[in-house]
Amino acid sequence: MRVARPLIALAVVATATALATACSSPPPADDPTSGPVAPDDPRSVLAARAAAAKDLHQTALYALKTTGRPDRTVSVTLAADGGWKVDVPATALGGTVDISLVRTGGAVYQCALPSTARPQSGCVRLSKVASAYDPKLQHLFTDWLEVFMDRQAALAVTAADPLPGVQGTCFTVDTSAVSVKAPVDPGIYCYADNGTLTGARTSVGTLTLVGAPTAGPPTITLPGAVVAGQPLPNASPPAPSNTPSANPSGTPSGKPSGKPSVTPTTSRR
């Protein structure tokens with residue numbers, strides 16, 4: 001028994017030492033082939049930027065460059081109640097009318113802004129934003145953010161070099177399936193860490209943030225009265241017809257009929 005007790009004591013000390021060593025050892029490294037996506041994966045970073053963008057309430061100005069057209073200044077307002085307003089100059093009727101696309105009070109409106117060439121103004125309520133009068137820029141701040149956040153969306157996202165004069169992190173976005181219609185406009189999208197869109201290059205043109213955004217309003221106020229009628233299309237109105245109108249006799253007005261004219265005479269008694 002005197003020999004067994006020291007052996008038991010040594011066994012206890014060895015066990016305690018082994019336990020202490022196990023507790024102090026660093027955990028095994030994660031398997032690189034499993035687990036969550038790395039935080040620097042472009043798809044994940046874009047989703048995080050889009051999620052941050054949905055929480056922004058601000059007013060920002062952007063320079064819009066479109067091939068073959070003068071540069072324009074686009075104003076984007078994101079209100080605290082979820083409403084938004086995007087002012088796009090020279091959009092409707094072949095670029096002759098300034099347009100504001102607005103969502104407020106749960107409805108979307110197209111508002112024609114008054115100008116020197118067209119002093120009329122007014123807002124038409126839309127059941128949907130059809131392609132015929134869609135300025136497309138509002139998608140960058142509204143529904144396309146949901147697509148960027150959806151990991152099931154058919155997108156291919158890679159890191160991109162910054163656009164000229166644009167701050168933030170840029171991503172090249174394209175569809176990941178040839179047979180699937182792209183859920184967003186393929187192009188380059190750039191975001192600041194807080195979710196502010198700092199630049200984009202899409203089918204509409206190149207958008208570049210100008211200056212620092214300011215705080216957005218509590219809600220959006222329509223820039224004109226709500227009127228009846230149809231929204232203004234982006235396309236130019238049809239040119240007036242040069243076909244001469246026909247007179248009641250069937251002969252085009254302003255042209256001779258080919259028959260000799262007869263001058264009435266006055267009878268005398």
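**Notebook: aromatic pairs and the cavity**

I began with two side chains in this predicted model, and I noted that Tyr 62 is buried and that Phe 141 is buried as well.

I then looked up the aromatic pairs, of which the count gives two. In one of them, Tyr 62 and Phe 141 come together in a tilted arrangement, with 5.6 Å from centre to centre and 55° between the planes. I traced where these partners sit along the chain: Tyr 62 belongs to strand 1 (residues 58-65), while Phe 141 lies in the loop between strand 6 (122-126) and helix 3 (143-149), so that the pair links distant parts of the chain, 79 residues apart.

For the other pair, I recorded Phe 148 and Tyr 189 as edge-to-face, at 5.2 Å centre to centre and with 70° between the planes. This pair also links distant parts of the chain, since Phe 148 is in helix 3 and Tyr 189 is in strand 9 (residues 187-191), 41 residues apart. I entered Phe 148 as buried because its relative accessibility is 0%, and I entered Tyr 189 as buried because its relative accessibility is also 0%.

Next I turned to enclosed space, where the count comes to one cavity of 30 Å³ or more. I noted about 70 Å³ of space in the largest cavity. Going through its lining, I found Tyr 62 and Phe 141 among the residues listed, together with others including Ala 53, Leu 56, Gln 58, Leu 78, Tyr 191 and Thr 196. Sorting the lining by class, I wrote down nine nonpolar and three polar residues, with no charged ones.

Terms used:
Residues numbered from 1 in each chain as written. Predicted model: local features only at pLDDT ≥ 70, side-chain atom pairs only at ≥ 80, totals over all residues. Heavy atoms only, no water. 1 Å grid on protein atoms, 1.4 Å probe; cavity = no way out; pocket = protein on both sides within 12 Å on 5 of 7 lines; lining within 4 Å. Points joined across faces, edges and corners; volume = space filled by probe spheres on them. Nonpolar A, V, L, I, M, F, W, Y, C, P; charged D, E, K, R; others polar. Phe/Tyr/Trp six-rings, centres within 6.5 Å; stacked < 30°, edge-to-face > 60°. Helix = DSSP H or I, 4+ residues; strand = E, 2+ residues; numbered from the N terminus. Buried < 20%, exposed > 50% of the residue type's maximum accessible area, 1.4 Å probe, protein only.
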